[in-house]
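Here's a short set of exercises to work through with the viewer open. Try each task before you peek at the solution under it.

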Amino acid sequence: MIPRYQTILFFILLAASLVMGVVLWQLLERHHQRLLNGEDSAPTQAPLVTPAEPATLEAANDADNTLTAEVQSLPLPQSPGDRARAILNRLLALYAAPGSTHPVPGGANGVAQVFLLPAGGQGDHRHSGPELAVVNLTSAFAANHPSGLETETLTVLSICATLRANLPRVTEVRFLVDGQQRATLAGHVDLTRTYLTAAALPAAGVHP
Amino acid sequence: MHWSKRVLGRRPRVVALAILAAASLMVGAAAQSAPNPAPPAPAAPSARFVVIVDAAHGGDDPGGHIGNQPEKAITLALSVRLRSLLAARGIQVVTMRESDVTLAPDRRAEIANHAKAQACLSLHASTSGFGIHLFTSSLAPASSTPMPAWKTAQAAWVTRSLALSGVLNSALQQAGISVTLGRTSLLGVDSMTCPAVAVEIAPERGEGDTAATMPDDPDYQARVAQALAAALVEWRSEGARL
């Protein structure tokens, strides 16, 4: 003979099991629905892959104080400012790589933005004349840059020469660090002046 | 009364001056009447030849780091060596600093410009590259103006700075030290109104592009200082010929 209280307990546990089963089933359905909703909001078009284009990098060499042109293929955005930033960051990635001829440890992605403005303060955005490139470096890049006359000069000249090689309308370059003007790159080279890209190439004894 | 007292008080000085003037006249007359005049002395270099030796950085600004030494210590050591060598050759030297003090680039240019020096050397040190790096201002040469702009005052001296760089290059190469030449924009140097060259001492090149000697090596510094001193003596004699 089964005691009455055990019978009651059995039915209570059976009911709880059924309720839990129903709740679990509903949670499963809800989760499945959420996944389906997520799929609905996913892009239905494949992302556009920018075709790789050749870009000329004027890479510096500390051993002989020269710049050497190096053509690399990389996907480039259409906007000129973003294009300049992508090219310069590839140049700085060369310097950050081990065994670089111009080592700047941790210098990859050292260019935060490049702004292109009419040279000489023309103020017309639709002009087709010479341009001033304002290169905004990250403070991490400046902080990690080795100190020295030659190394800092080569960094500045290689940026100017690379901009000239890829964006011929850029005739002048100014530098900022985290959006602020800074006296020197790493204690030597003047970052307050405007650099002429035409003067960057012969001054450093560029190798073709 | 007072007037006569002052004249009487000055009488011994007046007499001494008169004797000196007479003596100098007699010596001059004797020299002119000498039967065998001494052969003419070699052309004396410019009466006033001043060299500015600027040990870069200092005080709050350590510059870079070479081994376990800050750049400011190495430039000061090189400056002291060079000052001694130049003084021994009878060249008047103005050093920017003799101790670990902070000097702003503009203050350095002010000191150099007041000295009206015939050569200004800004000394630096680095672990990048090899040998000695000689940098002159990247400003475009310009003609001299009565009131040059402060930040581009060196433009009127760029041609002379390049000539000085050539003399330094020759002397360093003769001493067996490799040299690279370049142009740069350096705060302070761009404001100097003298032939100015920034001299950066980097590791000496060894076998297979390795650093044989670091810039903090005293023997290496001594060889560099000797070559720079020899170059400045040559520069002085070139100035006398011009």
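What follows is a few ground rules and then four exercises, each with a worked solution.

This is a predicted model, where local features need pLDDT of at least 70, side-chain atom pairs count only at pLDDT 80 or more, and totals for chains, interfaces and linings use all residues. Residues are numbered from 1 along each chain as its sequence is written, while chains are lettered from A and ligands numbered from 1 in the order in which they are written.

**Exercise 1. Work out how far to trust chain A, and what its fold pattern is.**

Step 1: start with confidence. pLDDT is the predictor's confidence in each residue, from 0 to 100. Chain A averages 87, and 87% of the residues score at least 70. Over residues 202-208 of chain A, though, the pLDDT is below 50, even if that stretch has 21 contacts in the model beyond near neighbours in sequence. A contact here means two C-beta atoms, placed from the backbone, within 7 Å. Where pLDDT is low, don't read the predicted coordinates in detail.

Step 2: list the elements. Helices (H or I, at least four residues) and strands (E, at least two) are DSSP runs, numbered from the N terminus. Chain A has 5 helices and 6 strands, and along the sequence they go α-β-β-α-β-β-α-α-β-β-α.

**Exercise 2. Find the neighbours of strand E4 of chain A and say which of its faces is covered.**

Step 1: look for pairing, which takes at least two DSSP bridges between two strands. E4(A), residues 131-137, pairs with E3(A), residues 111-118, in the antiparallel sense over 7 bridges. E4(A) also pairs with E5(A), residues 170-177, this time parallel and over 7 bridges.

Step 2: pick out partners. A:Leu117 is opposite A:Leu132 of E4(A), and A:Leu137 is opposite A:Val177 in E5(A).

Step 3: sort the faces. A:Glu131, A:Ala133, A:Val135 and A:Leu137 are on the covered face, with A:Leu132, A:Val134 and A:Asn136 on the uncovered one.

**Exercise 3. Lay out the sheet of chain B and place helix H3 on it.**

Step 1: order the strands. Six strands make an open, mixed sheet, running E4-E1-E5-E8-E6-E7 in chain B. Its edges are E4 (92-95) and E7 of chain B, each pairing on one side only. The twist averages 25° from one strand to the next.

Step 2: place the helix. H3(B), residues 105-115, touches E1, E4 and E5 of chain B, at about 170° to E1(B) (axes are lines fitted to C-alpha atoms, for helices over the stretch in contact, and angles run from 0 to 180 degrees between N-to-C directions).

Step 3: check burial (buried is 20 or more other C-beta atoms within 10 Å of a residue's own, exposed is 12 or fewer, partly exposed is in between, with C-beta atoms placed from the backbone). B:Pro105, B:Arg108, B:Ala109, B:Ile111 and B:Ala112 are the buried ones in H3(B). They line one face of the helix, because they fall within an arc of 160° seen down its axis (the arc is that of the directions from the helix axis to the C-beta atoms). On the other side, B:Arg107 and B:His114 are exposed.

**Exercise 4. Describe how chain B meets chain A.**

Step 1: count. 23 residues of chain B are in contact with 21 residues of chain A.

Step 2: find the contributors. E6 (132-137), E7 (179-184) and E8 (196-201) of chain B each supply at least two residues to the side touching chain A, and E7(B) gives the most, with 4 residues.
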